[in-house]
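Visitor: I should like a close look at a single part of this model, followed outwards into its surroundings. Please state the cut-off behind each term as it arises.

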Amino acid sequence: MRYYEPAGVQAVLGGLLADPSMASCVLHHAHVPARAADFVPIPEWLDPRLRAGLEQRGVTALYSHQAEAIGAVRDGRDVVVVTPTASGKSLCYLLPTLQALADDPSARALYLFPTKALGQDQVAELGELCRAAELEINASTYDGDTPNPIRSAIRSAGQVVVTNPDMLHAAILPHHTKWFQLFEQLRIIVIDELHTYRGLFGSHVANVLRRLLRICAHYGSHPVIVCCSATIGNPGELASLLTGRAHLVVDRSGAPTGERHILMVQPPLLDPATGARGSAQTLAARWALPFLRAGRQTLVFGRSRVAVELMLSNLRESLRLGGGPRTLVRGYRGGYLPTERRAVERGLRDGSLLGVVSTNALELGVDVGQLDVSILAGYPGSIAGTWQQMGRAGRRHGTSVSVLIAGGGPVDRYVVEHPQFLLDSPPEEARLDPDNLHVLLGHLKAACFELPFEPGERFGPGEAEPLLAFLGEEGMVRRAGDDRWYWSNENFPASSISLRAAAEENVVIIDTTPDRPRVIGEIDIFAAQTLVHEDAIYMHESAQYHVDKLDWDERKAYVRRVDIDHYTYADRAVTLKPLDTFDTAPAAGGSRAHGEVMVSSLVSMFKKLKFGTDENLGWGPVHLPELELQTTAYWLMLGEAADGWRRAELDVALLGAGRAIQAVAAVLLMVDPRDLGLVSQVRSPHNQSPTIYLYEAVPGGVGMSERLFDRHDELVAGAAELIAGCGCESGCPACTGPRLERDVDARALALRLLRSLSAAGTAGMGAANGVSEAVERGAA
């Protein structure tokens, strides 16, 4: 079909499945029937104005989970609501907030959202409900874009303050005396997108909330906390870790769902010898095009910013050649300006956009309306993330289609070949460590700056006094005559704590093509090294820009518009140095350990790759400083298992075995494969033996390394089974990783090494199914 022709979702899907070249790639097709709503009458105690406002908006009854949540909040209970996308979670906190304000206009509410866009969405939603109910409520967003005159008005008269954890941490809590009206009358705290508060970010936010509740207690308020989350495995535990309080879990959705088709797709095999398969990005475009030409709103997810820009260019060019709606397809990712992203969100909501190609930036609950199709070019890295992306299509009524297309990695292959892993397994548990000493000390300083500590007062896991005494020795705090601890340093402690990442700064991208240079985007410094180094081709909304200069010290990249036939790809060279060993134990063929490490990464060169074929057109050097990450790692040291190896073969075996162990680790722990980095060393400077390291890709780590250390035997056995069960001849991206040397059998070498490291190695591997079942048990 080479032209624009409106058609229904079911008809387009039928046409795709009738095409043998497309149908042969479908490994599993699940049909999820529609489900009716479970309604509950609107409670009688709700203010008549609110009841009228709801009825004016077409709400004559509540979903069962909404009624349960608002009833619990009315009774003073903390609640965490865990229901699917578009199930009406926002009413679970909007109605209690407006009821509290209708009863007492002096009451206050504080809403926390992880991003500015989400906060602005909810202010608009709250405003619409207030207008329908004819309630005069002052609800305002307080973020980095809020002008100073308006900030003063919000502090004095804001009844609902909508902000993010960063502003709460750095701009509200340290200046709580200016916010006394908020803290004295605070009735409700809302924490939306709870599932995003994990890892290092979640650990920081948990301590920010400790400081918040401490200040509330100082002003005499005890607010109810309402959390909302996408489906995760431990919502109650996560809410408790974040807030220090037990929550009622509301997880039985009463919202209706439309009919849904879920397809698991594997790109076609191109070369049986190497195991090379077609591109997930190319196949995603082939699935998306018929739906776009039929006028069906379609969302395509890519795993990276470069992948998004390449798919966007591909789709726009295909639509241009076929007479389709080329201008109605746009990109959405980090690095775009806020105005561009808001325009895309509006376009999806009002239907003026037909398609969007996005990173996981659209996983979060930004209101983008009701879409028909979601296509995932690569496994998002977690069950919860997959359902978040699939849930963007098919809201409450009508038929929707979700397509998961496997990328080249072993985890992607495992997921589409074992559909029950996605369809039947519970979602992952969100992990954080709020008592991490580095994190805890930073926020203890901020808390002491905000309010002096009383004798015996607790902060976090126990009494704060021993840690305060340590800070006193450093000259940060002092104990006064009243036995309280006071801040005594000139520094502003909150300003030195970044909640989200090790890097606090972004690189601004400046287009010098027009007469007056203009900012077209910004990017974090870690990604900037690979995307906007000098002579890179930076892609923005499918347009190409040549990077003429990267001023690293000033954090500015100067680019100009070009039209060429290639893009650039830069990779990192990673080195690792152990700093401290937390635990070690013997293992078959060697030993295992976990501890603290320093990971250094350096971008030194880039390749020029031709569009469509990825043909290598040349390369160039990159001159940028090394970046460092202090984190935790699990490592496997070879002892007798290294005997009798040639150095070159051992190098190949370590890398292939390490990649397989990395893939199995992601499945066993149910984490994004990108959360675990891999380094293999034929002779480690630390222990003088061949070593495989798996490090956590977040500063400080979040406990995954210790769990890998405890499950060492399963990791090795599962990696051996993964490689043994692969149908390739001598190694491929789905088992040992991309083949670097054609004449080397990476599969046989990695398998030989893993068998020597297996607890069953001396007696052979035994039945292959046993290991496979162990991996699947870990995944489930």
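Guide: The account below starts from one helix and then turns to salt bridges, helix packing and buried positions.

This is a predicted model, in which local features need pLDDT of at least 70 and side-chain atom pairs count only at pLDDT 80 or more, while totals for chains, interfaces and linings use all residues. Residues are numbered from 1 along each chain as its sequence is written, and side-chain values use heavy atoms, with hydrogens and water left out.

The part chosen is helix H18, residues 437–450. Helices (H or I, at least four residues) and strands (E, at least two) are DSSP runs, numbered from the N terminus. The axis of H18 comes within 11 Å of that of helix H19 (residues 465–473), and the two cross at roughly 80 degrees. This angle makes H18 roughly perpendicular to H19, a class that covers 65 to 115 degrees, whereas angles under 35 count as roughly parallel, over 145 as roughly antiparallel and the rest as oblique. On the H18 side the contact is made by Leu437, Leu440, Leu441, Leu444, Lys445 and Cys448, and on the H19 side by Leu467, Leu468, Phe470 and Leu471. By class, these residues divide into 9 nonpolar, no polar and 1 charged. Axes are lines fitted to C-alpha atoms, for helices over the stretch in contact, and angles run from 0 to 180 degrees between N-to-C directions; contact means heavy atoms within 4.5 Å. Ala, Val, Leu, Ile, Met, Phe, Trp, Tyr, Cys and Pro count as nonpolar, Asp, Glu, Lys and Arg as charged, and the others, Gly among them, as polar.

H18 also takes part in a salt bridge: the side chains of glutamate 450 and arginine 211 meet at 2.6 Å, N to O. Glutamate 450 lies in H18 and arginine 211 in helix H10 (residues 199–219), so the pair ties together parts that are 239 residues apart in sequence. Both glutamate 450 and arginine 211 are buried. Buried means under 20% relative accessible area, exposed over 50% and partly exposed in between (1.4 Å probe, protein chains only). A salt bridge is a side-chain nitrogen of Lys or Arg within 4 Å of a carboxyl oxygen of Asp or Glu, and the structure holds 24 of them.

Two further salt bridges may be set beside this one. Arginine 57 pairs with glutamate 128, with 3.3 Å between the closest N and O atoms. Here arginine 57 sits in the loop between helix H3 (48–56) and strand E3 (61–63), and glutamate 128 in helix H6 (residues 116–133), 71 residues apart. Arginine 57 is partly exposed at 34% relative accessible area, and glutamate 128 is partly exposed at 40%. A network of salt bridges links Arg57, Glu125 and Glu128. The other pair is lysine 610 with aspartate 565, at 3.1 Å, N to O. Lysine 610 belongs to strand E29 (residues 590–610), while aspartate 565 lies in the loop between strand E27 (556–562) and strand E28 (566–587), 45 residues apart. Both ends are partly exposed, lysine 610 at 27% and aspartate 565 at 39%.

H3 offers a second case of helix packing. The axes of H3 and helix H5 (residues 91–103) come within 10 Å and cross at roughly 145 degrees. Arg49, Leu50 and Leu54 of H3 meet Leu91, Leu95, Leu98, Gln99 and Ala102 of H5. The residues of this contact comprise 6 nonpolar, 1 polar and 1 charged.

Helix H15 (residues 383–390) turns attention to burial, with 7 of its 8 residues buried. What covers these buried residues includes strand E11 (260–265), strand E14 (298–302), E17, strand E18 (400–405) and helix H17 (419–423). Threonine 359 occupies the loop between strand E16 (355–358) and strand E17 (373–377), and is buried at 9% relative accessibility. Beyond residues up to four places away in sequence, threonine 359 touches Phe301, Gly302, Ser304, Arg305, Val308, Tyr332, Arg333 and Gly334. Alanine 294, in the loop between helix H12 (280–293) and E14, is buried at 2%. Neighbours within four places in sequence aside, alanine 294 is in contact with Glu5, Pro6, Ala7 and Val12.
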